[in-house]
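Visitor: I am new to this structure and would like to know what lies behind the words used for it. Please show it first.

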Amino acid sequence: MRYKAVKGTADILPERAGGRLELRRMLETVSQNVFRKFGYREIRTPIIEERSLFVKSIGEETDIVAKEMFSFKDRGRRELVLRPEGTAPIARAYLDASLNKIGPFQKFYYIGPMFRTERPQAGRMRQFDQIGAEAIGSMSPEIDAEVIKLLAAILDEIKIRDYRIRVNNLGCKDDKAGLSKTLRRLLARKKDLLCGDCGRRIDVNPLRVLDCKDGSCRDIVRGAFKSVEFLCGECREHFKKVLTCLGKLKIEYTVDPYIVRGLDYYTRTVFEVSHSALGSQDALGAGGRYDNLISDMGGPPVGAAGFALGMERILMAAAGQDATALPGEGQVVYLAAVGEAAHDKGFELINLLRSGEWRGVSFDMDYENRSLKAQMREADKSGAWLVLIIGDEELSKGGVTLKYMRLKDRAQEFLRFDEAAEKVREALTQC
Ligand code: AMP
């Protein structure tokens, strides 16, 4: 019996340097550096949470809650889920640890797996990784602009080009309630034209019709939307300030009145970032403000905003363009030794080299005492930049032959053992 990875999940294999795992690690490092610059601190929350945390915060009528959660009961018959997103768990953790008492304003970032039972396709997995940020404890429009800037800074740092930022303002809780009421009235007249799901959404949450997979439902609600002016004065003012801040931060964006986001907790600013190279699943990331989530969960009345970027989508966008700041192939140095005495010396040398300070260089060797030809084939396969060869002749002269594998003529030179580290460092810069 051979097992396969569960549908919609993937193994990220330890490929050679420059492979997918290494790209991910680089993306994490780049993001962590940007987060640090913006004053965000890492938080890690559990993979499992109580089901009701998401039902209450994301909303019962959303696709995530209604159709996409991995739910199960534990032995105590508690209803648990694999977390489908990061915001609600972080809000829970913030309150659980009374972080608001230490300081009401806290900025967090996270990198980790999320789970949704969506139909898998390119760019849509059942387990995927998100890079996200949450700034909890401020109503300032500068925070809305800052989280958008933060997201853009990560994409810029990796040199992702041609992404598009669209922003909107959903209004406060009262504005959203007023809008829902109006939409309910307008959509009720067109109920026959809507799909079954949307017929139900009219009563429960008419804004969700904007997320319907059926384009004609979306057109109908968009038509109804056009005639509605629903933002209160304060929300209008807030939005104006957010856009001014975005201008000051030199962020290019368009205002799109139909972005509502697939989660109910959002209020005021919402945004989505897309990339044309991604096809039908073109969202790189999204986020917004959620001013009632903390208080709805029993906490103080503090505002908050955040975003989540899809890691797989970023890597897809990076792969589709000529160059990014993510690494090309890493540098591999391979040691090939012929004969037992040479092998012993080689083992010593490679470990001596490893003990030095190197960035992005890996050292490897053959452990099976195979023929030189077999070892050279292995070096080629591992993408070696340099091969260090030790045989009887080298041993007698007290050194190794260094072969430049990336130069056309595969030139060679002799190095003494005591100068090997320094010469290898030099040679890597010449490849
Ligand atoms: P959301 O939490 O739905 O706003 O998603 C934020 C980002 O996570 C999206 O823009 C995608 O880049 C990514 N994402 C969401 N769902 C998936 C999925 N099923 N597979 C891969 N990436 C996803």
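Guide: What follows is a set of questions about the terms, each answered from the model.

Visitor: What kind of model is this, and what makes up the chain?

Guide: This is a predicted model. The chain has 16 helices and 16 strands. Its C-alpha atoms fill a box of roughly 90 × 55 × 45 Å, taken along the principal axes.

Visitor: What share of the 431 residues counts as buried, and what makes a residue buried?

Guide: A residue is called buried if its relative accessible area is under 20%. Of the 431 residues of the chain, 52% count as buried.

Visitor: What makes a residue part of the surroundings of the ligand?

Guide: One of its heavy atoms must lie within 4 Å of the ligand. In this model 15 residues surround the ligand, and the closest are Arg116, Glu118, Met125, Arg261 and Ala283.

Visitor: Why is the pair between arginine 116 and the ligand called a polar contact?

Guide: A polar contact is a pair of N or O atoms within 3.5 Å. An N or O atom in the side chain of arginine 116 is 2.8 Å from an oxygen atom of the ligand, so the pair counts as a polar contact.

Visitor: How do you know that glutamate 118 and leucine 284 also qualify?

Guide: For glutamate 118, a polar side-chain atom lies 2.6 Å from a nitrogen atom of the ligand. For leucine 284, a backbone N or O atom lies 3.0 Å from an oxygen atom of the ligand. The cut-off is 3.5 Å, so both pairs are polar contacts. The protein covers 91% of the 480 Å² of accessible area that the ligand has on its own.

Visitor: Which elements give two or more residues to the shell around the ligand?

Guide: They are strand S6 (127-136), strand S10 (283-289) and strand S11 (304-310). The largest share, four residues, comes from S10. By type, the shell divides into six nonpolar, four polar and five charged residues.

Visitor: What makes a residue part of the lining of the second largest pocket?

Guide: A lining residue has an atom within 4 Å of a point of the pocket. The second largest pocket is lined by 24 residues, of which Lys56, Ser57, Asp264, Tyr265 and Asp296 lie nearest its centre. Helix H2 (51-58), helix H7 (173-188) and helix H11 (293-296) each give two or more residues to this lining. H7 provides the largest share, five residues.

Visitor: What volume does the second largest pocket have, and how do its lining residues divide?

Guide: The volume is about 560 Å³. The lining divides into eight nonpolar, seven polar and nine charged residues.

Methods
Residues are numbered from 1 along each chain as its sequence is written. This is a predicted model: local features need pLDDT of at least 70, side-chain atom pairs count only at pLDDT 80 or more; totals for chains, interfaces and linings use all residues. Side-chain values use heavy atoms; hydrogens and water are left out. A polar contact is a pair of N or O atoms within 3.5 Å; within protein, one must be able to donate a hydrogen and the other to accept it, and residues adjacent in sequence count only if both atoms are side-chain atoms. Accessible areas come from the Shrake-Rupley method with a 1.4 Å probe; for residues, only the protein chains shown count as cover. Ala, Val, Leu, Ile, Met, Phe, Trp, Tyr, Cys and Pro count as nonpolar, Asp, Glu, Lys and Arg as charged, and the others, Gly among them, as polar. On a 1 Å grid over the protein atoms alone, a cavity is a set of points where a 1.4 Å probe fits but cannot get out, and a pocket is an open set with protein on both sides within 12 Å along at least five of seven lines; lining residues have an atom within 4 Å of a point. Grid points are joined across faces, edges and corners, and a volume is the space filled by probe spheres set on the points. Buried means under 20% relative accessible area, exposed over 50%, partly exposed in between (1.4 Å probe, protein chains only).
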